[in-house]
Amino acid sequence: MSASTEADWSPRAELDRLRDEIVEVDRAIVGLIAQRVELARQVGPLKRELGMPTLDPPREAAIVRRAGALAREAGLAEDDVRYIFWHLVGLSRRVQLEQE
């Protein structure tokens, strides 16, 4: 840190900066969830056209397993990430079922 940067730094300013970054990350996460839901919405009619059921437990489990592996690679708790992905899969399934 330079002398001027050191003088400008404070724990409160750093906390505020980090919280602002968290808000931006949260905004990006919500945007990605919306994108995932929209893709799932597009998948629903294709499944019906192909005569496939909306509920596909093996596929859903594979998605959650893949998320767990990605979590492990990122140094995150696999169980926590799998929990989140079960909810994402459920959200995607619900938007597909709403179309039926």
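## Reading a four-helix chain

Modeller: Let's start with the parts list: the protein chain has four helices and zero strands. From the N terminus on, that gives the order α-α-α-α. Keep in mind that this is a predicted model.

Colleague: How spread out is the protein chain next to a compact globule?

Modeller: The radius of gyration is the number to look at. Here it comes to 20 Å, well over the 13 Å that the globule rule gives for 100 residues, so the protein chain is more spread out than a compact globule. You can also look at the C-alpha trace, which spans about 70 × 25 × 15 Å along its principal axes. As for burial, 18% of the 100 residues are buried.

Colleague: And what share of the contacts links residues 24 or more positions apart?

Modeller: Counting contacts with a separation of 6 or more, 67% are between residues 24 or more positions apart.

Colleague: Since it's a prediction, where is confidence lowest, and where is it highest?

Modeller: Here's the general idea: where pLDDT is low, the predicted coordinates should not be read in detail. In this chain, helix α1 (residues 3–8) has the lowest confidence, with a mean of 62, while α3 has the highest, at 98. Over the whole protein chain the mean pLDDT is 93, and 93% of the residues reach 70 or more.

Colleague: Now the empty space. What volume does the largest pocket have?

Modeller: In general, rolling a probe the size of a water molecule over the atoms shows where empty space is left. In this model, the largest pocket has a volume of about 610 Å³. It is lined by 23 residues, and the closest to its centre are Arg36, Ala40, Ile63, Val89 and Ser92.

Colleague: Which elements give two or more residues to that lining?

Modeller: Those are α2 (11–49), α3 (57–73) and α4 (78–98). The largest share comes from α2, with nine residues. By type, the lining of the largest pocket divides into twelve nonpolar, four polar and seven charged residues.

Colleague: Could we try a single residue? Does Arg41 count as buried, partly exposed or exposed?

Modeller: Arg41 sits in helix α2. Its relative accessibility is 33%; buried means under 20% and exposed over 50%, so Arg41 counts as partly exposed.

Colleague: Which residues does Arg41 touch, leaving out those up to four places away in sequence?

Modeller: Arg41 touches Val95 and Gln99. There's also a distance to check in the viewer: Arg41 and Arg94 are 53 residues apart along the chain, and their C-alpha atoms are separated by 9.2 Å.

Key: Residues are numbered from 1 along each chain as its sequence is written. This is a predicted model: local features need pLDDT of at least 70, side-chain atom pairs count only at pLDDT 80 or more; totals for chains, interfaces and linings use all residues. Side-chain values use heavy atoms; hydrogens and water are left out. On a 1 Å grid over the protein atoms alone, a cavity is a set of points where a 1.4 Å probe fits but cannot get out, and a pocket is an open set with protein on both sides within 12 Å along at least five of seven lines; lining residues have an atom within 4 Å of a point. Grid points are joined across faces, edges and corners, and a volume is the space filled by probe spheres set on the points. Ala, Val, Leu, Ile, Met, Phe, Trp, Tyr, Cys and Pro count as nonpolar, Asp, Glu, Lys and Arg as charged, and the others, Gly among them, as polar. pLDDT is the predictor's confidence in each residue, from 0 to 100. The radius of gyration is taken over C-alpha atoms; the globule rule is 2.2 Å times the number of residues to the power 0.38. Buried means under 20% relative accessible area, exposed over 50%, partly exposed in between (1.4 Å probe, protein chains only). Contact means heavy atoms within 4.5 Å.
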